[in-house]
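Colleague: I have a new structure to learn from. Could you take me through it, one question at a time?

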Amino acid sequence: MDEPIKTLPLVFEEPKGPRGPKPKPPRHLADLTPAERKERLEELGLPGFRAKQLSTHYFSRLVDDPAEMTDLPAEQRDELVAGLLPTLMTPLRTLEADRGTTRKTLWKLFDGALVESVLMRYPGRTTMCVSSQAGCGMACPFCATGQGGLERNMSTAEIVEQVVAGARSLARDEVPGGPGRVSNVVFMGMGEPMANYNAVMGAVRRLTDTSPDGLGMSARGITVSTVGLVPRMRQLADEGIPVTLALSLHAPDDELRNELVPINTRFSVAETVEAAWDYARKTKRRVSIEYAMMRGINDQAWRADLLADVLHSYGDWGWVHVNLIPLNPTPGSKWTASDPRDEKEFVRRLEAKGVPTTVRDTRGREIDGACGQLAAVES
Ligand code: SAH
């Protein structure tokens with residue numbers, strides 16, 4: 001590499017405001033278990049049994065207008081809604097691509113923080129790509145979100161609300177293809193999900209809890225993507241929830257990965273890949289290795305060979321597959337996508353060694369799908 005890459009210090013803790021801790025997002029029923037929802041209403045002097053009706057409106061009927069909640073007494077409706085269904089975020093802007101089947105929304109949270117989510121509808125499935133933090137502390141130099149640092153963790157309900165908003169627009173037939181539902185959720189928007197572990201696990205529980213306590217999704221349809229926070233990967237393996245794990249590897253050698261994914265200076269390629277392998281063994285879920293192809297940086301044929309060797313050292317190919325991501329260049333950066341010929345050769349080398357490999361389609365490229373770029377432009 002010709003010039004050194006400047007990296008930001010890694011941040012694990014939320015930065016504190018000038019006058020101590022920042023105010024917390026409003027508490028919402030999606031932050032709470034069914035029993036806690038009931039308690040919350042009772043604390044507010046409201047009847048606890050209404051919690052179930054509110055959950056049904058939120059998770060099953062996908063209703064957000066109090067006027068449609070006609071099973072709640074009119075004189076108490078506003079208080080009940082304010083108690084458990086406060087407004088968490090407002091859409092600032094929605095961009096569409098692929099004839100409306102890719103929709104990216106820029107959200108403003110209660111404190112002005114900006115995050116984004118992307119809905120992608122394919123024949124037979126619809127995926128929501130969600131954010132788990134406003135900003136990110138991992139400082140990967142090719143990622144737009146990584147350049148701004150961490151603003152704050154999102155709450156469980158703020159994470160869930162992105163999925164519910166997508167589910168609402170599908171249910172209301174606002175996305176071409178007829179009324180539908182969200183089948184998949186990927187934590188590949190802004191933020192490092194494993195650095196906001198408890199809120200993310202809360203969100204996974206709400207997404208998979210049966211309706212009307214939650215959205216009733218299958219854990220298998222949920223993918224948590226991480227830079228490789230090894231202790232958290234191990235903790236996730238012990239949760240007993242079979243979500244898919246995606247590891248953002250981007251380089252098979254420590255020298256390059258230390259620059260592309262700075263957390264690698266704490267957890268090496270070997271430690272990280274071993275934790276991914278343990279995850280696959282424990283959960284019986286195939287791990288996805290994410291590899292963003294960057295021209296002249298990590299796309300050499302010898303690195304394809306090394307990647308295959310590193311992965312193969314952990315057993316046969318049943319445990320893993322490689323997902324190559326064409327780099328989405330961030331404005332003003334020196335990072336660009338690989339030459340298609342180099343990409344082809346990289347795939348050929350991996351496949352020659354037997355590695356199951358896919359190249360991610362570049363949905364929503366023209367709207368900077370899922371790389372933190374819209375929020376970066378606005379702020
Ligand atoms: N922090 C998590 C999830 C967020 S990003 C993680 O790193 O896994 C989801 C994926 O998009 C990651 O693999 C990330 O490295 C990749 N990514 C980030 N910026 C990108 C860009 N400009 N082009 C292509 N992929 C990018």
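Modeller: Start with helix 8. Its buried residues include Val269, Thr272, Val273, Ala275 and Ala276. Asp278, Tyr279, Ala280 and Thr283 are buried too. Keep in mind that this is a predicted model.

Colleague: Which elements do the buried residues of helix 8 pack against?

Modeller: Look for heavy atoms within 4.5 Å, the cut-off for a contact. The buried residues of helix 8 then meet both helices and strands. The strands are strand 9 (244–248) and strand 10 (287–293). The helices are helix 6 (230–237), helix 7 (254–260) and helix 9 (301–312).

Colleague: What span should helix 8 have, and how far apart are its end C-alpha atoms?

Modeller: Helix 8 covers residues 269–283, which is 15 residues. Count 1.5 Å a residue, and the helix should span 21 Å. The model agrees, because the end C-alpha atoms are 21 Å apart.

Colleague: What is the phi of lysine 284?

Modeller: Lysine 284 comes just after helix 8. Its phi is positive, at about 60°.

Colleague: Now the ligand. Which residues come nearest to it?

Modeller: There are 19 residues around the ligand. They divide into 9 nonpolar, 8 polar and 2 charged. Of the 19, the nearest are Gly191, Ser225, Ser248, His250 and Asn328.

Colleague: How far is an oxygen atom of the ligand from an N or O atom in the side chain of histidine 250?

Modeller: A pair of N or O atoms counts as a polar contact within 3.5 Å. Serine 225 offers one such pair: a side-chain N or O atom lies 2.7 Å from a ligand oxygen. For the side chain of histidine 250, the distance to a ligand oxygen is 2.6 Å.

Colleague: Which residue uses a polar backbone atom to meet a nitrogen atom of the ligand, and how much of the ligand is buried?

Modeller: The backbone partner is asparagine 328, at 2.7 Å from the ligand nitrogen. Taken alone, the ligand exposes 530 Å². The share of that area buried by the protein is 94%.

Colleague: Back to histidine 250. Is it buried or exposed?

Modeller: Histidine 250 lies in the loop between strand 9 and helix 7. Its phi is positive, near 65°. Among the residues it touches are Phe142, Leu260, Glu290 and Tyr291. Its relative accessibility is 5%, so histidine 250 counts as buried.

Colleague: And leucine 62: buried or exposed?

Modeller: Leucine 62 is in the loop between helix 2 (50–60) and helix 3 (74–84). Its phi is near 60°, a positive value in a residue other than glycine. The cut-off for buried is under 20%. At 14% relative accessibility, leucine 62 therefore counts as buried.

Colleague: Which two residues does a cis peptide bond join?

Modeller: Look in the loop between helix 5 (197–208) and strand 8 (222–226), where proline 212 lies. Omega is about 5° at the cis bond. The residues joined are serine 211 and proline 212.

Colleague: Last one. What share of the residues in the protein is buried?

Modeller: The protein has 11 helices and 12 strands. Its accessible surface comes to about 16,400 Å², and 50% of that belongs to carbon and sulfur atoms. Of the 379 residues, the buried share is 56%.

Definitions and conventions:
Residues are numbered from 1 along each chain as its sequence is written. This is a predicted model: local features need pLDDT of at least 70, side-chain atom pairs count only at pLDDT 80 or more; totals for chains, interfaces and linings use all residues. Side-chain values use heavy atoms; hydrogens and water are left out. A residue is near a molecule or strand if one of its heavy atoms lies within 4 Å of it. A polar contact is a pair of N or O atoms within 3.5 Å; within protein, one must be able to donate a hydrogen and the other to accept it, and residues adjacent in sequence count only if both atoms are side-chain atoms. Accessible areas come from the Shrake-Rupley method with a 1.4 Å probe; for residues, only the protein chains shown count as cover. Ala, Val, Leu, Ile, Met, Phe, Trp, Tyr, Cys and Pro count as nonpolar, Asp, Glu, Lys and Arg as charged, and the others, Gly among them, as polar. Helices (H or I, at least four residues) and strands (E, at least two) are DSSP runs, numbered from the N terminus. The expected span of a helix is 1.5 Å times one less than its number of residues. Buried means under 20% relative accessible area, exposed over 50%, partly exposed in between (1.4 Å probe, protein chains only). Lists of a residue's contacts leave out its neighbours within four places in sequence.
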